[in-house]
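Here is a short briefing on one protein model. Keep the structure open while you read.

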Amino acid sequence: MDAQLDSATLLALPATVVALGLLTAHTVQRLREGGRPRLASPRPLALVCCLSVCAALLFRLYAEVEYATSFKDPQDICIFSVGANVRPQTQTRFPLSTVCQGREVVPSWVNPALYALLTLAAVTLTAAVLIVTARRLRSAATTASSRQRGSHQRAL
């Protein structure tokens with residue numbers, strides 16, 4: 001397994017716990033204030049993005065260990081999956097794929113689930129950035145119009 005994957009997944013579990021805790025705290029705070037939890041604000045969107053990335057890393061670790069790990073002898077993957085004591089014909093890391101005797105060992109749902117988590121992360125990060133940008137532009141426009149009104153009233 002790659003060293004980058006090891007260090008990333010090592011950090012993914014605590015980051016998941018922290019992000020989930022912060023998202024829960026945000027929801028509880030909103031409920032106590034009498035409002036509903038709003039997802040359409042930058043903080044919860046950033047937390048959902050963090051959770052998605054962490055979940056993708058943890059899911060990738062699970063799939064790597066379960067279906068294509070280098071912790072086992074490569075022949076073990078084929079023994080456990082198709083019952084043949086042979087080396088995998090092909091093995092790729094991204095998209096995750098291991099083929100033993102013409103049969104794909106990695107279930108068909110693994111790669112789409114990983115892509116869905118990464119897509120969710122990208123969408124929520126983009127939404128958070130757009131919301132922050134829109135708020136700043138709106139704030140700048142409000143400030144400029146109030147300054148303009150103030151100077152116009154002083155001139156009268």
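The points below cover the sheet, the cores and the surface. The model is predicted. It has an open sheet of three strands. Its largest nonpolar core holds 13 residues.

**The sheet**
- The strand order is β1-β2-β3, and the pairing is antiparallel.
- β1 and β3 (103-104) lie at the edges with a single partner strand each, so one side of each has no neighbour in the sheet.
- Strands in a sheet pair through backbone hydrogen bonds.
- β1 and β2 run antiparallel and are joined by four bridges.
- T92 sits opposite S97 in β2.

**The cores**
- In the largest nonpolar core, the residues that touch the most other members are A63, Y67, L96, V105, V106 and V110.
- Two or more residues of this core come from each of α2 (42-67), α3 (74-82), β2 and α4 (110-155).
- α2 gives the most, with four residues.
- A second core is separate and has five residues, among them L23, L47, V48 and L51.
- Leaving out residues up to four places away in sequence, V105 touches Y67, I77, S81, T98 and C100.

**The surface**
- F94, Y115 and L118 form a nonpolar patch on the surface.
- Together they have about 290 Å² of accessible area.
- F94 lies in the loop between β1 (90-93) and β2 (96-100).
- Is F94 buried or exposed? The relative accessible area of F94 is 53%, and exposed means over 50%, so F94 is exposed.

Definitions and conventions:
Residues numbered from 1 in each chain as written. Predicted model: local features only at pLDDT ≥ 70, side-chain atom pairs only at ≥ 80, totals over all residues. Heavy atoms only, no water. Patch = residues over 30% accessible without salt bridge, like charges linked within 9 Å, V, L, I, M, F, W, Y side chains within 5 Å. Areas by Shrake-Rupley, 256 points an atom, 1.4 Å probe, with all protein chains shown as cover. Salt bridge = Lys/Arg side-chain N within 4 Å of Asp/Glu carboxyl O. Buried < 20%, exposed > 50% of the residue type's maximum accessible area, 1.4 Å probe, protein only. Core = buried A, V, L, I, M, F, W, Y, C linked by side-chain atoms within 4.5 Å. Contact = heavy atoms within 4.5 Å. Pairing = 2+ DSSP bridges.
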